[in-house]
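Thank you all for coming; I would like to walk you through one structure today, taking a single residue to begin with and then a pair of helices. Please have the sequence and the model open in front of you as I go.

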Amino acid sequence: MEGSTVMVSSKNKMMGSSKEQLYHVIHKVPQGDTPYVKAKHAQLVQKDPEAALVLFWKAINAGDRVDSALKDMAVVMKQLNRTEEAIEAIKSFRGRCSKQAQESLDNVLIDLYKKCGKVDEQIDLIKRKLRLIYQGEIFNGKPTKTARCHGKKFQVSVKQETSRLLGNLGWAYMQKSNYLTAEVVYRKAQMIDPDANKACNLGLCLIKQGRYDDARSVLGEILRGQIPGSEDIRARRRAEELLMELKAVQPPLELSDILGLEDEFVNGLDMLMNEWAPVRSKRLPIFEEISSFRDQLAC
């Protein structure tokens, strides 16, 4: 009896442990009873961002998984539109984080700068990260890093990261209406690792410069599926919207554009037609033709 009781008890413990592990997997919450674990539970399970912030602060002050606590706290602050506070928190406490965490903190800072319109700070930080790539110091010297998007992990190469940063830099220059520099940066990014999203931004950049034919060519490549990511419905829809915008802003073709005539010739032709205008009859062309034919008969 005792043996069977022990077996049942052991089985119950195993089932309880399995359920607990499954719970943490489903909710993506770490196991334990530390301030950081409680903060993640408040953030992801209870959906209480204010309580999560208090617990993230406790985790940072207690030295409990500071790398993750600071980054997660900044993300929650961003969701609560406390962007400036999030920026100051990262600047103040990143010194407590490991060297490996600095890169991901920079990425969070770039997003925060972008959201609150601090374009100059965004440009400076992106340039600094690009210099690190040039010096071979990105990803802590490794050729790839593990990134996460919508809960899924994937590998990012140095090449892909360089193109991504250049895309962000191009968009920052767009916000400053520095379209020529933005174009150069976008074209560099597309040379390294092309994608449809950056192609759309390049198309918009060219429209802003009034270079409509170049913009039409770039956007057409997306619709023809010639650029990686062209199959994405959002990218295709945006390309179509930009082409519609292009039709709206592009001025109608002049006579010189159609015939390839020089401006002086066209201006002279206009003047000649204006001189002729007063002596012309206001009758419809068909009556003009009839009158001319009648005059010939009279002769």
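Let me start with Asp106, which has a relative accessibility of 5% and therefore counts as buried, the cut-off for that label being under 20%. Please keep in mind throughout that we are looking at a predicted model. Asp106 sits in helix α6, which spans residues 102–116, and if we leave aside its neighbours within four places in sequence, the residues in contact with Asp106 are Arg94, Leu125, Arg128 and Lys129.

Lys129 also brings us to the helix pair, since Lys129 is among the residues of α7 that make the contact with α8. How do α7 and α8 pack against each other, in terms of angle and distance between axes? Helix α7, residues 119–134, and helix α8, residues 158–175, pack at an angle of about 155 degrees, and their axes are 10 Å apart. That angle is over 145 degrees, so α7 is roughly antiparallel to α8. The crossing of these two helices is left-handed.

On the α7 side, the contact includes Val119, Ile123, Ile126, Leu130 and Ile133, while α8 contributes, among others, Val158, Leu165, Leu166, Leu169 and Tyr173. Taken by residue class, the contact of α7 with α8 comprises 11 nonpolar, 4 polar and 3 charged residues.

Finally, a word on annotation: the unreviewed UniProt entry carries "repeat: TPR" over residues 163–196. In the model, that span is 82% helix and 0% strand, and the C-alpha atoms at its two ends lie 12 Å apart.

Conventions: Residues numbered from 1 in each chain as written. Predicted model: local features only at pLDDT ≥ 70, side-chain atom pairs only at ≥ 80, totals over all residues. Heavy atoms only, no water. Axes fitted to C-alpha atoms, helices over the stretch in contact; angles between N-to-C directions. Helix = DSSP H or I, 4+ residues; strand = E, 2+ residues; numbered from the N terminus. Parallel < 35°, antiparallel > 145°, perpendicular 65-115°, else oblique. Left-handed = near helix turned anticlockwise from the far one by under 90°. Contact = heavy atoms within 4.5 Å. Nonpolar A, V, L, I, M, F, W, Y, C, P; charged D, E, K, R; others polar. UniProt positions renumbered as here; feature names shortened; annotations may be inferred. Buried < 20%, exposed > 50% of the residue type's maximum accessible area, 1.4 Å probe, protein only.
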